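Colleague: Could you take me through one part of this model in detail, namely the second largest pocket, and then set it beside the sheet elsewhere in the chain? I would like to know which helix gives the most to the lining of that pocket.

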Amino acid sequence: MYYKGLTGSRQFNINTENSDTDYSVITKDIKNNYAKSRNDDFHYLSPAEVISYIFEYDKWINAWKVIGTLFSKPVIETEFSRYLLEVREELIRSNLPRFGKIMLDYSKVMNPYNNGKIGESPIKRTMYAIIFLNAYINYATKETTFEEALQLSDELTEFVKGIRLQTVSYETQMEKLNSMMEEAKCLKWFYDKEPDLVAFNRIKDKMKILLDIN
């Protein structure tokens, strides 16, 4: 096991007392991409998938597999986890066009108005669209780390929990989501910066070594 980190609702402090605990696990010993043990959910990625999703593969699903894994909270210490904590902020900064597009595209697709077929309920789609739009907006408008940008304000935490508990009307959810999307579209200039591909590829090469990829 190269990595095990807390992810999902507990990563973003939007869990309820009935929420499962989700872990992102990087390992070569994969039989299925998902496994459940009592109240623990394990989402498995192979080393090759990690490198592909972070550095190569360009599709909206990356937001969960990339941002969710990169900024999950390690629950075991490994050589890879130590390096990840050391460089993940630099990695985001090194290629803002890539990571910005990943977050914005994901949020567009997760919008319940989208007619695409996605294996998530409308509730979860709205929740995670808001979470990644929030990070996108915070990182562009505040002098902060990306780890801090991912955190929800107390007000937004309660709003997202309200979506989950269905105490916030659908109309209010959509009003909030679409308002955040419009704000995010106006911030695209922040992410349209020349990538530092030297740093981006240096981190990629080091991660491949730590993940035993030749």
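Modeller: Helix H8 gives the most to the lining of the second largest pocket, supplying four residues, and please keep in mind throughout that this is a predicted model. H8, which spans 170–185, is joined in this by helix H5 (122–141) and helix H7 (154–165), each of the three supplying at least two residues of the lining. In total 14 residues line the second largest pocket, and those that lie nearest its centre are Asn134, Ser153, Leu156, Lys176 and Met180. By character, the lining divides into five nonpolar, five polar and four charged residues, and the space that lies in this pocket comes to about 250 Å³.

Turning to the sheet, five strands form an open arrangement in the order E3-E4-E2-E1-E5, with mixed pairing. Strand E3 (34–37) and strand E5 (73–74) stand at the edges and have a single partner strand each, so one side of each is left without a neighbour in the sheet. Strand E2, residues 21–26, pairs with strand E4, residues 40–45, in the parallel sense over six bridges, and within this pair Asp22 stands opposite Asp41 in E4. Across E2 and E4 lies helix H1 (residues 47–56), which runs at about 80° to E4. Helix H3 (residues 79–94) also packs on the sheet, where it touches strand E1 (3–7), E2 and E5, and the direction of H3 makes about 55° with that of E1.

Definitions and conventions. Residues are numbered from 1 along each chain as its sequence is written. This is a predicted model: local features need pLDDT of at least 70, side-chain atom pairs count only at pLDDT 80 or more; totals for chains, interfaces and linings use all residues. Side-chain values use heavy atoms; hydrogens and water are left out. On a 1 Å grid over the protein atoms alone, a cavity is a set of points where a 1.4 Å probe fits but cannot get out, and a pocket is an open set with protein on both sides within 12 Å along at least five of seven lines; lining residues have an atom within 4 Å of a point. Grid points are joined across faces, edges and corners, and a volume is the space filled by probe spheres set on the points. Ala, Val, Leu, Ile, Met, Phe, Trp, Tyr, Cys and Pro count as nonpolar, Asp, Glu, Lys and Arg as charged, and the others, Gly among them, as polar. Two strands pair if DSSP finds at least two bridges between them. Contact means heavy atoms within 4.5 Å. Axes are lines fitted to C-alpha atoms, for helices over the stretch in contact, and angles run from 0 to 180 degrees between N-to-C directions.
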